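Trainee: I would like to go through this model with you, one topic at a time. May I begin with the loops?

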Amino acid sequence: MGSVFEEAIETFLSPIGDLLADSAVTEIMINGPDEIFIERKGLVYKSENTFPNEEALISAFRAVAQSVGRIIDNDNPRLDARLPNGSRIHVVLPPMARNGTTVAIRKFSEEKLTISDLIKFGSMSKMGARFLDICIHLGKNVVVSGGTGSGKTTMLNVLGSRIPKTQRLIIIEDAAELQIHAEHVVQFETRKENLDMGIVGVTIRDLVISSMRLRPDRIIVGEVRGEEALDLIQVMNTGHDGSMGTVHANNALDACTRLETLCLMGDTKIPAEAIRKMVGSAMQVIVQCSRYHDGGRRTASISEIIGLDEHGNYVCKDIFKWIQTGKDPETGKYIGEMVPCNYVPSFFEDIIVNKLPFPKANFIAPDWVKNLKKEAA
Ligand SMILES: Nc1ncnc2c1ncn2[C@@H]1O[C@H](COP(=O)(O)OP(=O)(O)OP(=O)(O)O)[C@@H](O)[C@H]1O
Ligand SMILES: [Mg+2]
């Protein structure tokens, strides 16, 4: 017999046992007992699996919650938890969930994608990857932006692993997901408040504040989605260059606006214009992750934010971006590649001074891109 958790999985989750065991399935979405969708290789399919009825489904996740010391019932109808096998689950019970108990399971994969995998999959060009390496080496603040499930955490993991080994990293997350292999890593996880059990909550914001006093070289926040945005922006503006985080946004400019909005959520006395200036100077490089309609996850762009213009708008310049050039008639997969955008970053001098092997020519768009644009015009 295994642990309480393994027993709960074996007994109660047997209707989806094969999906849990199949490593090609990366996500399982349960919309009530009769409807289960899965994601395989980036595409979502309806599965044949079902639960016998709502009672069986609800009991299954009640047992899973219990096995990790959490409760899901009428008073706590939503559960966000990380399972001992590393998978992440989110559950919402009826009547809020109109289809019946609704669950998403993001399966944990032992094999984290590496930068070479991203290049191999065509999610990122070799040159884009080398450029990001240089940004990290130079201690640029890098924010990874993207929609839900677009590959933000994967990207942050890849980028974090490129940080020079001698530096002290402090990682702060809601649920520990990042596995950054470096020599000197301190990892923090938040704690949910549970007044019934007398448990005081510890937020990302609290942990960012603590981190500042723990002599970090760089701070990495898994997902910025609350008031901690202001603390992170301050961290980035006050000598902890090379800090990183992810934010939920559809493009690089949106990422700036989103962070600005989050900064203003708290009870800050800092005027809105000042916050905008702080965001403009803290944000240096933005890596945009996207999940395209063909199911492929790609790095849509790598951009630089060079502050605000005279009207107070963010100035964003794309350095590299992915462009589609066709579509495979058999698989329906998009064909395309990441190309330079004819913009030389403002910190090019740092690249030269530090003798980093990245010539200016790498930023120049190839002729075929220019011709493609002319053709489309
Ligand atoms: N470039 C990629 N190519 C193929 N699969 C990828 C790529 N990037 C991420 N994935 C896979 O996509 C899934 C979602 O990735 P990830 O958790 O990084 O997304 P996310 O944007 O952080 O999601 P969330 O919004 O839920 O936090 C994972 O299974 C991951 O392995
Ligand atoms: Mg994530």
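Trainee: Where is proline 95 found?

Mentor: Proline 95 is found in the loop between E5 and E6. Please keep in mind that this is a predicted model.

Trainee: And what kind of peptide bond joins proline 94 and proline 95?

Mentor: The bond between proline 94 and proline 95 is cis, with omega at about 5 degrees.

Trainee: What about the strands on either side of that loop: how do E5 and E6 pair?

Mentor: Strand E5, residues 88-92, pairs with E6 in the antiparallel sense, over five bridges. Within that pairing, valine 92 stands opposite threonine 102 of E6.

Trainee: Which strand pairs with E6 over five bridges besides that one, and in what sense?

Mentor: Strand E1 (residues 25-31) pairs with strand E6 (residues 102-106) over five bridges, in the antiparallel sense. There, glutamate 27 has arginine 106 in E6 as its bridge partner.

Trainee: What is the strand order of the sheet that holds these strands?

Mentor: It is an open sheet of six strands in the order E3-E2-E1-E6-E5-E4, with antiparallel pairing. Strand E3 (43-46) and strand E4 (78-82) each have a single partner strand, so one side of each is left without a neighbour in the sheet. From one strand to the next, the twist averages 15 degrees.

Trainee: How many bridges join E2 to E3?

Mentor: Four bridges join strand E2 (residues 36-40) to E3, and the two run antiparallel. In this pair, isoleucine 38 has tyrosine 45 of E3 as its bridge partner.

Trainee: Changing topic, what is the order of the nine strands in the other open sheet?

Mentor: The order is E9-E8-E10-E11-E7-E12-E13-E14-E15, and the pairing is mixed. Strand E9 (185-189) and strand E15 (334-340) are the edge strands, each pairing on one side only. Neighbouring strands in this sheet are turned by 25 degrees against each other on average, direction ignored.

Trainee: In what sense do E10 and E11 pair, parallel or antiparallel?

Mentor: Strand E10 (residues 218-221) and strand E11 (residues 244-248) pair in the parallel sense, over two bridges. Valine 221 has glycine 245 in E11 as its bridge partner.

Trainee: Which loop holds arginine 215?

Mentor: Arginine 215 is in the loop between helix H7 (204-212) and E10. Its phi is positive, at about 50 degrees, although arginine 215 is not a glycine.

Trainee: Now the ligand. Which residues come nearest to ligand 1?

Mentor: Of the 16 residues around ligand 1, Ser123, Gly151, Lys152, Thr153 and Thr154 come nearest. Helix H6 (residues 152-160) supplies the largest share of the shell, three residues.

Trainee: What is the make-up of that shell by class?

Mentor: The shell around ligand 1 has eleven polar, three nonpolar and two charged residues.

Trainee: Into which domains is the protein chain divided?

Mentor: The protein chain is divided into domain 1 (4-106) and domain 2 (115-376). Their centres, taken over C-alpha atoms, are separated by 31 Å. Five residues from domain 1 and four residues from domain 2 take part in the contact. On the side of domain 1 that touches domain 2, three residues are charged, one is polar and one is nonpolar.

Trainee: Finally, where in the protein chain is confidence lowest, and where is it highest?

Mentor: Confidence is lowest in helix H1 (residues 4-12), with a mean of 76, and highest in strand E7 (residues 142-146), at 98. The protein chain averages a pLDDT of 92, and 99% of the residues score at least 70.

Definitions and conventions
Residues numbered from 1 in each chain as written. Chains lettered and ligands numbered in written order. Predicted model: local features only at pLDDT ≥ 70, side-chain atom pairs only at ≥ 80, totals over all residues. Near = placed C-beta within 6 Å. Nonpolar A, V, L, I, M, F, W, Y, C, P; charged D, E, K, R; others polar. Domains from an automatic or database assignment. Contact = placed C-beta atoms within 7 Å. Pairing = 2+ DSSP bridges. Axes fitted to C-alpha atoms, helices over the stretch in contact; angles between N-to-C directions. pLDDT = per-residue confidence, 0-100.
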